[in-house]
Amino acid sequence: MNLFQKSAKELKNPKCLVTTAMLIAIGVVLSAYATIRFPPDFQVSFGFLASGMIAQLFGPVVNAVAGFITDIVSYLLYTDGPYCFWFALNPIVSGIIFSFFFYGKKVTLPKAIGAKLIDTLVVEIGMTTVWLIVLYGANGWAWFFIRAIGKLVACIIQAPVLYLVMKTVEKVKKEI
């Protein structure tokens, strides 16, 4: 059975649904309140940790659904502009990336660094830049390099935190 089929079967498990709902709520709160912001566009957010936990516990299908729900709920609670559906793809892709590294696998520091680095490059720098260009035209490129540097610096802080959280989830996983 492949990764996606196994994860899809998790959706029938009530423990999966309850735990995922709780982690969605934690992710929304972490994204809103566990973010360190520095002007002009440097921030270190820890909302991704909930996605990492869902990835490890329930895999890519559950995490993709949870990412979409998290995006919608976050937008409804903390609106700061018009809604752009394309941004909802970001947490879906992040969840799939984290799932490839953690679902059914032993957690290691290189995996945590790899997962966060790929997420940063593909989603936070790549996809987000494309969505900003779609929304704002060529002006989206103006912030690209500043954002890229800021996201890579944040990744250096986020990867070890991800590792510590994933190791903790790995220990507690048997009880869930």
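A residue is termed buried when its relative accessible area is under 20%, exposed when that area is over 50%, and partly exposed in between, as evaluated with a 1.4 Å probe on protein chains only. The structure is a predicted model, in which local features need pLDDT of at least 70 and side-chain atom pairs count only at pLDDT 80 or more, whereas totals for chains, interfaces and linings use all residues. Residues are numbered from 1 along each chain as its sequence is written, and side-chain values use heavy atoms, with hydrogens and water left out.

Side chains of opposite charge can pair when their charged atoms come close. With a salt bridge taken as a side-chain nitrogen of Lys or Arg within 4 Å of a carboxyl oxygen of Asp or Glu, the structure contains four such pairings. One of them joins Lys116 to Asp119, with an N to O distance of 2.9 Å; both residues belong to helix H5 (residues 109–136), where they stand three residues apart, about one turn of the helix. Helices here are DSSP runs of H or I with at least four residues, strands being runs of E with at least two, and both are numbered from the N terminus.

Lys116 and Asp119 are both buried. Lys116 also forms a salt bridge with Glu124, for which the closest N and O atoms are 2.7 Å apart, and Glu124 is buried, as is Lys116. A network of salt bridges links Lys116, Asp119, Glu124 and Lys151.

In helix H6 (residues 144–172), Glu170 and Lys167 are separated by about one helical turn because they are three residues apart. These two residues form a salt bridge whose closest N and O atoms lie 3.0 Å apart, and both Glu170 and Lys167 are buried.
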